[in-house]
Amino acid sequence: MSREELERVVVEILAGIAPEADFAALAGNEDLRDALDLDSMDFLNLVIGLHERLGIDIPEADYPKLFTKDGLLDYLAAKA
Amino acid sequence: MALFRMPSLGADMEAGTLVEWLVKPGDVVERGRVVAVVETQKGAIEVECFEEGVVEELLVPLGRKVPVGTPLARIRAPGEPETAPAAPAVPPARAAPPASEPAGAPAPPAPAPAAAAAEPAPAAAPPAAPGPKATPAARRRALELGVPLARVRGTGPEGAITVADVEAAAGAAPAAPAAPPPPAGPAAAERIAAPAVRRGFDPVEMRKAIAAAMSRAKREIPHYYLETVVAMHRALAFLEERNRDRPPPERLLPATLLLKATARALAKTPELNGFWLEGGFRPGPGIHLGWAIALRGGGLVAPAIHDVDRLSLDALMAALRDLVQRARTGGLRSSELSDATLTVTSLGERGAEAVWPVIYPPQVAIVGFGRIVTRPWVDEEGGLVARPVVRVTLAGDHRASDGHLGSRFLAEIEDLLQRPEAL
C-alpha cells in the first residue's frame with residue numbers, strides 16, 4: 001500500500017474518533033496525541049482501527065513509534 | 001395505572017424535551033426498555049421505563065419541553081382493566097422546579113395538571129406518535145447518514161430496523177467511516193418529525209449544567225481532601241504481560257485497574273458509596289461508578305458503569321469503551337446518567353499529575369487519578385529507585401464521612417493496586 005493510501009486509511013479511522021482532526025495539516029514530527037487531543041482510549045481505538053482495516057498486529061511496545069505522523073506512516077508502510 | 005415521568009438525569013437537570021417516542025399505545029413494555037429519547041443539557045438521552053405493562057396513552061407531544069417529573073405516558077399494569085383516556089397531563093409551561101431529588105430516586109410528583117387543557121399544543125407539534133421500531137445503533141446510524149427511519153424497512157426482531165437496514169436504505173457501504181453529523185436538512189427533520197434533534201450536545205447548555213451542579217456542590221458540600229501516592233510498577237507490569245499476546249480490541253487500559261480497585265475498596269468502605277439526602281446518608285444500591293468523560297468541544301459527562309465490583313476486567317474494559325463511544329456520539333441511557341453512586345475522574349496519560357475534584361451532588365465522594373508518571377521512590381528495602389506512580393485523591397463530603405475513613409479507603413486502593421492479579 002502506498003503512503004498516500006495509508007494516510008487515507010488513518011484519516012478515515014480518525015474521522016470516527018476525532019471528527020474535527022486535520023491529520024493532513026500535522027507536521028511530520030508532531031505528537032498526534034497532543035495535536036489532535038487523543039486520550040489513551042482514543043489512541044487504543046486508532047490502533048484497533050488500524051488492526052482491523054490493515055490486518056496488522058501492533059504490539060503495545062510499538063505504540064511510541066506511532067505517536068508522530070511520520071512515525072505512524074513509516075511503521076504502517078513497513079508492516080502493511 | 002402507572003405514570004411514566006420525565007426522569008431526573010442528575011442533580012442539575014430541571015427539564016427535558018421529548019424528541020422521540022419508541023413505543024406507541026398498545027405496546028407491551030418491560031422494565032428497563034428504552035421507550036423515549038429526551039433532549040437534555042447533556043445531549044440526547046435514551047430514557048428507560050421502569051414500569052411494566054401496556055402503554056395506554058402518550059401524554060406529551062414530540063418537541064415539548066417539560067419539567068422533571070411531568071407524566072409522559074400512562075402505563076397499565078398487567079391485569080389492570082383499560083380506562084378511558086384522561087385529560088392531557090402536560091402542565092402549562094412554567095419555571096421548572098429545582099431538581100432537588102436525588103439521582104436515581106423516584107422523580108418528584110408533577111405539578112397538578114389543573115389548567116393543562118387551557119394550553120394548546122403548539123400548532124407545529126404533531127400529536128404524540130411513535131417512531132418506527134429500531135435499535136439504538138440503527139437510530140444513530142440513520143442520523144449519521146441522514147436517512148429517515150420511516151423510509152427504512154426493518155428486518156430485525158418484530159420488524160425492528162437494524163444498522164444493516166439503515167445502511168442498505170442509504171446505499172452506504174457498511175465499512176464506511178462515521179460521517180460527520182449531517183446538516184439539519186429536511187431528511188433529518190423528517191426522520192422523527194420533531195425539532196431540535198441532533199447528535200451530541202450543545203456546549204452552552206452543557207456548560208450551564210456543569211455550572212449548576214458544581215455551584216451547588218461548593219455551596220452545600222463541606223469537602224475534605226486526601227491524597228496518596230501509589231506505586232504502579234506492579235499494575236503496569238501486569239497489564240503489559242496481559243496485553244502482550246492479545247489483539248488490540250482485547251487489550252486493557254490502566255483505567256480498568258483503577259476503576260476496579262476503586263470499586264473493591266468501596267465495598268470495604270460503603271460509607272463513601274451513596275448519597276446525602278434530606279440531612280442524612282443513604283447508601284447506594286450497588287457500586288455504580290460514574291466515569292468522567294471529557295467531550296470534544298468542551299464539557300463533561302460522568303455516566304455510570306453498573307456493579308463495577310462484580311465485573312471482570314475484560315467486561316469492565318468493554319463497558320468503558322462502549323460508554324466513552326456513546327458519550328461522544330450520543331446514546332447514553334437515562335439509568336447511566338442517574339445511577340452513579342460515586343464518581344471517578346482520571347486525567348489520563350496527558351493530564352496533570354493530580355486533581356482535587358468537586359463532588360457531584362448528591363454523591364458523597366469523588367476519586368481522582370492523575371497521570372501516571374515516573375518519579376524517585378524508596379522501595380521496600382530502603383533503596384532509591386525510579387518507579388511509575390500515580391497520585392490518587394479523594395474529596396469527601398464531611399457531613400457523611402471523616403478523613404480517617406477516607407484514609408482507609410485510599411490505603412485499600414493502594415493495596416489492591418499492588419496485587420493487580422487479584423482484581
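Two strands are said to pair if DSSP finds at least two bridges between them. In this predicted model, strand β3 (residues 28–29) of chain B meets that condition with β6(B), because the two are joined by 2 bridges. The pairing of β3(B) and β6(B) is antiparallel. Val28(B) stands opposite Val54(B) in β6(B). Val29(B) has Gly53(B) of β6(B) as its bridge partner.

Strand β6(B) also pairs with strand β8 (residues 71–76) of chain B. This pairing is antiparallel as well and runs over 4 bridges. Within it, Glu57(B) has Arg74(B) of β8(B) as its bridge partner. These strands belong to an open sheet of 4 strands in chain B, ordered β1-β8-β6-β3, with antiparallel pairing. Its edge strands are β1 (2–5) and β3 of chain B, each of which pairs on one side only. Burial was examined for β6(B), which spans residues 53–58. Of its 6 residues, 6 are buried, so the strand is largely enclosed by the rest of the structure.

A second set of pairings in chain B is parallel and involves strand β17 (residues 342–346). Strand β12 (residues 289–291) of chain B is joined to β17(B) by 3 bridges. Here Trp291(B) stands opposite Val344(B). Strand β18 (residues 365–369) of chain B is joined to β17(B) by 4 bridges. In that pairing, Ser346(B) faces Phe369(B) as its opposite residue. Strand β17(B) is mostly covered, with 4 of its 5 residues buried.

Attention then turned to a charged residue in a helix of chain B. Glu336(B) lies in helix α8 (residues 334–338) of chain B. Its relative accessible area is 6%. The residue counts as buried because this value is under the 20% cut-off. A polar atom of the Glu336(B) side chain lies 2.9 Å from the backbone nitrogen of Arg333(B). Beyond its neighbours within four places in sequence, Glu336(B) is in contact with Ala302(B), Pro303(B), Ala304(B) and His306(B). Its contacts also include Leu323(B) and Arg326(B).

The interface between the two chains was analysed next. The size of an interface is often given as the accessible area lost when the parts come together. For chain B and chain A, the buried area is about 2,000 Å². Carbon and sulfur atoms give 51% of that area. Three arginines stand out on the chain B side: Arg251(B), Arg296(B) and Arg350(B) supply 35% of the area that chain B buries against chain A. That is more than any other three residues supply. In terms of contacts, 19 residues of chain B touch 27 residues of chain A.

Charged and polar links cross this interface. The rule finds 8 salt bridges between chain B and chain A. One salt bridge joins the side chains of Asp57(A) and Arg251(B), at 3.6 Å from N to O. Polar contacts between the chains number 15 residue pairs, counted where both residues have pLDDT 80 or more. Two elements of chain B, α5 (233–244) and α7 (313–329), each give two or more residues to the side that touches chain A. Helix α7(B) gives the most, with 5 residues. By class, the side of chain B that touches chain A has 11 nonpolar, 1 polar and 7 charged residues.

Notes: Residues are numbered from 1 along each chain as its sequence is written. Chains are lettered from A and ligands numbered from 1 in the order in which they are written. This is a predicted model: local features need pLDDT of at least 70, side-chain atom pairs count only at pLDDT 80 or more; totals for chains, interfaces and linings use all residues. Side-chain values use heavy atoms; hydrogens and water are left out. Contact means heavy atoms within 4.5 Å. Buried area is the accessible area (1.4 Å probe) that two parts lose on being put together, summed over both. A salt bridge is a side-chain nitrogen of Lys or Arg within 4 Å of a carboxyl oxygen of Asp or Glu. A polar contact is a pair of N or O atoms within 3.5 Å; within protein, one must be able to donate a hydrogen and the other to accept it, and residues adjacent in sequence count only if both atoms are side-chain atoms. Ala, Val, Leu, Ile, Met, Phe, Trp, Tyr, Cys and Pro count as nonpolar, Asp, Glu, Lys and Arg as charged, and the others, Gly among them, as polar. Buried means under 20% relative accessible area, exposed over 50%, partly exposed in between (1.4 Å probe, protein chains only).
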